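Work through these exercises with the model open beside you. Try each task before you read its solution.

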Amino acid sequence: MTTIIIFFVCLVVLVSLMITDLLISSTVSDNIRKHQDEKARMVSRTVATSPIIIEALEDDQKAWEIQSYTKEIQSATNMMFIVVMDMEGIRKSHPNPGQIGKHFVGGDEKEALKGKEYVSSSKGTLGESLRAFTPIFNKKDEQIGVAAVGISLTSVEDALGRSYLSILTVTILGLLVGTIGAILLARYIKRILFGLEPFAIAKNFEERSTMLQSVREGIIAVDHEQTVTLVNQSARQIFQKAGLPEDPIGMKIHDFLPSTKLNHVLKTGKPELDEEQTINGVSILFNRVPLVVNNEIVGAISTFRDKSEVKQLAEQLTGVKTYAEALRAQSHEFMNRLHVILGMVQMRYYDELSEFITTLVGHQNQELGSIAQNIKDPALAGFLMGKLSYAREENVDFMIEVNSVIPEPADSKITHELITILGNLIDNAIEAMADSSDKTLEVTLHFSNKFLTMEVLDSGPGIPDEIQKNVLKKGYSTKGENRGYGLYLAAKSIDNLGGEWSIDSKLMLGTEIHIRIPYGAKGWDHD
């Protein structure tokens, strides 16, 4: 790339200098010739209007004064020759005195003898010259002769040659400067392009463009003037769903999306993550970050996705995680009991083994009977059974009381939301009681009048008043980083179901959480 840039820049500079050289050379040549013409013309006029020359031409006795006068003028002006002739073309003066009295040589004096002033080029006894002819008139305005002044064409060509040499020198210097500039420009371009060749840049651009268009999340970017510069295919689909133009490239972001906060990110330079925004009825989750180059904000970019898709995915992941945890807890508890049974068999404690199994079966039947008989949703029932096993692992006395039959929900999404609510509240309660001497957890479920009421009571340390104000904020936690999502998610699920809840917590006395949500049951018409 460096060689190509240097070659083309030098070529452009060379062509430009050549054109400039031709134009300047032509102009300089014309100016030099005009200058020499004017110089010769002025000298010839001076001689033609001299009283000495006029009197000497009219009085033969003073003719010798012409040679003396012209010789002085020739020496002062550095002319090749100054010749004064009469109306017959006979010389009255000449640089070579031997030529005085002879006829003027060149043949270009005829028009001057007719009263015309002009400049011409011809060859005389002294060689090629540039000649200026001026008629000489006496006081009666009668022509009595001609003044001819000559400048050697050799001297004119020498002057032109000197100007050409200067122009050529400047041209060479210009080409040298252009070459150096081309080298520096090539290095600068290569540096700002991170040393990549043009074909590599084109390939990277094509690959990046394909990647951006293939990303499932919508992407929109603006420059520092808030003009939209990038929109990928997923973004266009979301905009179409929201009734917005599919191609906002070149538009101002506030004209295209008045409620956007990208302009705010441009001003503050602070990212805004996981923000929810509704556009024409479509809920979208946005992430907005500034684009910083060399510590200067050059634009901003936003990635976003339809909230309904994110919600559906989160529900699926929450359910899978919860089911996996329940199975793990039950499997662990089952293995512990098998180890106890195996140990008793090996030690032949058959009476104790019989009592242990009887107690275990009775306890299991009591737990499973209440849950299985009253909770008709198998996913929710299995989830609660798993939480019972998990609580026993954590040495928590966990009791689940179901006061009425809870039918299967009409929409499976309700199950996911309930699992999210109870799962986060139970886990939070068990974790809060980790250092408590009394670890008691009670969950009560009751269905009536198409409403499901849930109560979660624990014997933990309670939540201080100043913390209760912030526990529902996303990411707020007193337990360290990457925490503080449990109650936030539970609250979001309750809002999604159109429910309401309250927290009653006292220091060292535990926490009570009351929840009431509308519950549409499948094929259930009872209160």
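**Exercise 1.** Find the partner of Asp504 in a salt bridge, and say how exposed each of the two residues is.

Solution.
1. This is a predicted model. In it, Asp504 pairs with Lys506.
2. The closest N and O atoms are 3.0 Å apart. A salt bridge needs the nitrogen within 4 Å of the carboxyl oxygen, so the pair qualifies.
3. Asp504 has a relative accessible area of 35%. For Lys506 the value is 44%.
4. Partly exposed lies between 20% and 50%. Asp504 is therefore partly exposed, and so is Lys506.
5. The model holds 7 salt bridges by this rule.

**Exercise 2.** Which residue forms a salt bridge with Asp427, and where do the two sit along the chain?

Solution.
1. The partner is Lys387, with 2.7 Å between the closest N and O atoms.
2. Asp427 belongs to helix 12 (residues 412-432), while Lys387 belongs to helix 11 (residues 378-393).
3. The two are 40 residues apart, so this pair links distant parts of the chain.
4. Now check exposure. Lys387 has 4% relative accessibility, which is under 20%, so Lys387 is buried.
5. Asp427 reaches 25% and is partly exposed.

**Exercise 3.** Locate the salt bridge between Asp108 and Arg131, and decide: are these residues buried or exposed?

Solution.
1. The two side chains meet at 3.0 Å, N to O.
2. Asp108 lies in the loop between strand 1 and strand 2 (118-124). Arg131 lies in strand 3.
3. The pair is 23 residues apart and links distant parts of the chain.
4. Both Asp108 and Arg131 are buried.

**Exercise 4.** How many cavities of 30 Å³ or more are there, and what lines them?

Solution.
1. The count is 2.
2. Take the largest cavity. Its volume is about 90 Å³.
3. The largest cavity has 13 lining residues, and the closest to its centre are Phe81, His94, Gly124, Thr125 and Arg131.
4. Strand 1 (81-85) and strand 3 (127-137) are the elements that give two or more residues to this lining. Strand 3 gives the most, with 3 residues.
5. Sort the lining of the largest cavity by type: 6 nonpolar, 5 polar and 2 charged.
6. Turn to the second largest cavity, with about 40 Å³ of space.
7. Its lining is Ile220, Phe239, Leu257, Thr260, Leu262, Phe286, Ser302 and Phe304.
8. This second lining divides into 6 nonpolar, 2 polar and no charged residues.

**Exercise 5.** Which residues form a nonpolar patch on the surface, with about 390 Å² of accessible area together?

Solution.
1. Look for Leu173, Leu176, Ile180 and Leu184.
2. Together these four have about 390 Å² of accessible area.
3. One of them, Leu176, lies in helix 4 (residues 153-192).

**Exercise 6.** What is the phi of Asn78, and what is the phi of Asn295?

Solution.
1. Start with the usual case. Most residues other than glycine have a negative phi.
2. Asn78 has a positive phi of about 60°. Asn295 also has a positive value, near 65°.
3. Place each one. Asn78 is in the loop between helix 3 (64-77) and strand 1. Asn295 is in the loop between strand 8 (282-293) and strand 9 (296-306).
4. Exposed means over 50% relative accessible area. Asn78 has 67%, so Asn78 is exposed. Asn295 has 80%, so Asn295 is exposed too.

Technical notes
Residues numbered from 1 in each chain as written. Predicted model: local features only at pLDDT ≥ 70, side-chain atom pairs only at ≥ 80, totals over all residues. Heavy atoms only, no water. 1 Å grid on protein atoms, 1.4 Å probe; cavity = no way out; pocket = protein on both sides within 12 Å on 5 of 7 lines; lining within 4 Å. Points joined across faces, edges and corners; volume = space filled by probe spheres on them. Helix = DSSP H or I, 4+ residues; strand = E, 2+ residues; numbered from the N terminus. Nonpolar A, V, L, I, M, F, W, Y, C, P; charged D, E, K, R; others polar. Patch = residues over 30% accessible without salt bridge, like charges linked within 9 Å, V, L, I, M, F, W, Y side chains within 5 Å. Areas by Shrake-Rupley, 256 points an atom, 1.4 Å probe, with all protein chains shown as cover. Buried < 20%, exposed > 50% of the residue type's maximum accessible area, 1.4 Å probe, protein only.
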